[in-house]
Amino acid sequence: MPGPAAQGVCGSGRQKSVQRALLQSAVQAAVPAAALGAGGAMYLPLLAFLCLMPRAARLGELKAFVVPHSHMDVGWVYTVQESMHAYAANVYTSVVEELMKGKQRKFIAVEQEFFRLWWDTVATDVHKQQVHQLLQEGRLEFVIGGQVMHDEAVTQIDDQILQLTEGHGFLYGTFGVRPQFSWHVDPFGASATTPTLFALAGFNAHLISRIDYDLKDNMQKTKRLQFVWRGSPSLSEKQEIFTHVMDQYSYCTPSHIPFSDRSGFYWNGIAVFPDPPKDGVYPDMSLPVTDATIHLYAQTMVANIKKRAAWFQTPDVLWPWGCDKQFFNASVQYANMDPLLDYINKHADEFGVTVQYSTLSDYFQAVYNRNLTWDIQNDQDFLPYSTEPFQAWTGFYTSRSVLKGIARRASSLLYAGESFFTQYVRKYPAGSVCKFWALQQLCSLRWAVSEVQHHDGITGTESPKVKDMYMNHLKHGVHDVKKLMASIILDTDSAEKNGKVYSYIYNKDTEKQGTRKAEQYIIVYNPLAWNITTFVMVTMSYSTVSVYDELGHPVPAQIQSSAESPATYDLYILVTISGLGYRRYSVKLSTDKESAFIARSVKYGRKVIKHADCQRRRLIPVSNDCYTVMLDQNTNLMYSITDRETNRTVQVTQEFLEYHVNGDVNKGPISDNYLFTPSGSAVQESEAVGLEVVSGNLVKEIRQYFYRNITARDYIYVAYSRIYSVPGGYDGKQLCHRIEQEYRAGPLELNLEAILRTSTNLNTKQTLYTDNNGYQMQKRPYKAYVNNTMARNYYPMVQTAYIEDDSMRLMLLAERSHGVSSQGNGQVEVMLHRRLWNNLEWDLNYNLTLNDTSVVRPVFWLILGTKPVVDVLYQRSGLALEHRPVVMYGELTDKSKPQGQLHSVQSDPVTLPDNLHLQTLSIPGWTYSSNHTEQLQNIHKGTQKQEDADFRRVLLRIRHLYEVGEDPLLSQPVTVNLKLLLKGLGTVVVVEERSLTGTWDINTSDRWKWKTAQHLSKGLSNNTKKTTENCTVTIYPKEIRTFFVYFQDQ
């Protein structure tokens, strides 16, 4: 996605107007007057440009690597189906056919979703044979290899790994190829997590483009666009990767040529929607290369190559040839570029440049062979991203919050469904649920969750119809996995075989919550590899019910009037479940002493915030064993939180505010899907607050309603805050140490951006900490800029953000991504929702104005405590929020009475230490051989059985949650016996350690080691890990270890 600004061949980017001017000046400086006839004398004063070229250029030592590519957004403006029909299928068909016509021709393919659709539905047998041949010859190369080019700012690490694994599994299984280079040219900023993941996947080099404009300018001037990036402070040198930042021309060929009013180097023109033109004539087709134009084209290309060469340390120049939606007619592309490259090479002494078609590996191999010493980049990321002083790309951190929430909940359900199915296959080999059908249900959601990670997907920067496409695919996949989990329950519990079970995962963003009948059973699955104690909430139509476990024992529960509907009740059930286990609870009508506790409610009248009497403050305490929350009765706002363990009180106030933004481009900078450009400071639009406190023996809930004024009929924002009290005999440490908060915002008025600001008396020095993708934290000191300071101090919060002083830390955990900032000392503000419209022609043409009329209901968990206490709590708490228990329901009949014993899945639970996370437990279904030589032989012989699935191979990933030195105990290495860990699934017979996506044997994966001041020779970096014969592994801080596990047949 180039982005809006000037119109050009590829939709044009915000950067393109600057690029066009730069190229024009470079070309004019390089073109001799005689070349353009009598009028060419205008260029004579600029001939000095050639004399300023480095000596190497005049001697023909510059070598340009021309990399043909097509940037194919999996979404953005057009749906995947529209793109396949209009251009994407033609890209692969025509590229493959044209590559076969010239041995010198090459091409790189990136997004696997389009390629897989082409492979499965369009490619002929001849095309498929040709692809195999081109890959073997190294003329077609897959880079990145994921389903999509994922966003880096708002994606969660599990989802990044999923989409990469999905693509890599297909490529290795089909072709035996393993991508070794990244091409992350379009994500809006660069996270420090990504280089670590690509290193773990076996990549030799990483390529990015979109970083802050002023930083890139400085890096160009100092020739520091290439470096060795150590993205993880704990993994450091072990998982470093050479990184190339594209120069200011980015991934698109500069389209302006001074001798034509058409774009240059795009001879096939611009893709047309919805149907390709029948006559094959597309808009803006570049002037053909002829005897009359070839010298002019050569001068234009050479001038740009030389300009780029001046920004890098080697004479090897990466020259991307392509842009968005290009090469849909590869014939005309190569037919024009072939003679142009030949012409430049024949005149290499004159131009000082040689050129060649290349893949990305050709380029990086040349740079690697130079054996230079490279700078080291530490674990700092390249976020946020700005293209101009008033173009801070920080709005998309929150855009389309509903989609962001649905995507994360779908990912969480997939995580649960994968381990649920894996256990079923291992424990019930003769089960009646068809395993091939089951795998199809999981694959449906794998594809949908992978797809939405695209950098114009979960970012919220797509058109409404593309948003609907993502939502429909996610909902369909969620339905499939719910159906699968319900089927497994039916098959494994004889009581339900004669009953009726259906799964139910409530998401307030998308559907109304139906009430449950009083007589029912509830099955609760814990997808985490830890024992959990938590509450699940069920909406009931009756207020007098009792809850029982499998043994018929009463279970602690509380019921209260629902805040959403006065005719229903919220039933909170205290559940305790072992790792990867599930429990079954019965809910029955009851009026005896075993009934759920009925909470009481106290309502307080609306209060006007600005007129509060601060001298006569009246405080209302709401407490559990860990916190006392004080509410100011004069304002109905929160006043303070006391950490009861240390008896330290922090003043805490939470308010909703709104940023007003401009929508008229004639009056100044605008906000849109991508950009956040506030017209001024956030203002308080709610003058009055209503308050209700619901108190029970298990749950206390604070309900705050925010109104425009004291007489307004409808509230505009809502905040629900809950704290829990856990009875004796239960492990309630995690549950006690959090304040669960749920907000309601929307529909907003036009051109408003809603935030929740939490203000404290902590002396934070306006420093904020936010996470990269739920994997590691970044320190964010407030920075002053000449323009747009507020927006440029917004950062992505995927899961975690906190502020702190010398002794106390206030942390927020989120279940979807948001923009977050600290605009004042002791403050943290989270952007909740955006609704925008502007009259920028580019936004209007592509329907990218973000007129989002939805209601959003994000959830946060607030943790307050000393730094050591919060360090112990936050990692597991964040994952507990991300992967809340899956609840399934069934009708309670005589045949589904308590069974007298806990379900067998509770025996031999999968339980990890507190500092390790079971990141993946799944059956991918891949049929490829884990022996690379054997896999290549199978492909060559055609013995791969694509229609079959292998249910014997289990994919296991374990992640160490802590950084080196973060906690005295939890930051220590941990030794795990995989046989003992997985004994509940059967007898482990073989464990193979693999690269992150499974395609490399870790013992044979040799990545390039780039020369740095700390490592004075290049070579190969082997990541050999020791897995002993008894399957014992030691996992060090921040490591992600990946294994194939095979069990003894049952």
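The following exercises, each with a worked solution, concern the nonpolar cores and cavities of a predicted model.

**Exercise 1. The largest nonpolar core**

Determine how many residues the largest nonpolar core has, and which helix gives the most to this core.

Solution.
- Step 1: The largest nonpolar core comprises 212 residues.
- Step 2: The residues with the most contacts inside this core include Trp 118, Phe 265, Trp 321 and Phe 421.
- Step 3: Helix H14, spanning residues 401-427, gives the most to this core, with 13 residues.
- Step 4: Apart from this core lies another, of 43 residues, with Phe 65, Val 185, Cys 323 and Ala 366 among them.

**Exercise 2. The surroundings of Phe 421**

Identify which residues Phe 421 touches, not counting residues up to four places away in sequence.

Solution.
- Step 1: Contact requires heavy atoms within 4.5 Å.
- Step 2: With those sequence neighbours left out, Phe 421 touches Lys 435, Ala 438, Leu 442, Leu 484 and Ile 488.
- Step 3: Phe 421 also touches Ile 923 and Phe 951.

**Exercise 3. The largest cavity**

State how much space lies in the largest cavity, and describe its lining by element and by class.

Solution.
- Step 1: A search of the whole structure yields 9 cavities of 30 Å³ or more.
- Step 2: The largest cavity holds about 310 Å³ of space.
- Step 3: This cavity is lined by 20 residues, of which Leu 162, Leu 414, Glu 418, Thr 920 and Arg 957 are the closest to its centre.
- Step 4: The elements that give two or more residues to the lining are helices H7 (157-175), H14 and H15 (435-452), and strands S39 (916-922) and S40 (954-960).
- Step 5: H7 gives the most to this lining, with 6 residues.
- Step 6: By class, the lining has 9 nonpolar, 5 polar and 6 charged residues.

Note on methods
Residues are numbered from 1 along each chain as its sequence is written. This is a predicted model: local features need pLDDT of at least 70, side-chain atom pairs count only at pLDDT 80 or more; totals for chains, interfaces and linings use all residues. Side-chain values use heavy atoms; hydrogens and water are left out. A nonpolar core is a set of buried Ala, Val, Leu, Ile, Met, Phe, Trp, Tyr and Cys residues joined through side-chain atoms within 4.5 Å. Buried means under 20% relative accessible area, exposed over 50%, partly exposed in between (1.4 Å probe, protein chains only). Helices (H or I, at least four residues) and strands (E, at least two) are DSSP runs, numbered from the N terminus. On a 1 Å grid over the protein atoms alone, a cavity is a set of points where a 1.4 Å probe fits but cannot get out, and a pocket is an open set with protein on both sides within 12 Å along at least five of seven lines; lining residues have an atom within 4 Å of a point. Grid points are joined across faces, edges and corners, and a volume is the space filled by probe spheres set on the points. Ala, Val, Leu, Ile, Met, Phe, Trp, Tyr, Cys and Pro count as nonpolar, Asp, Glu, Lys and Arg as charged, and the others, Gly among them, as polar.
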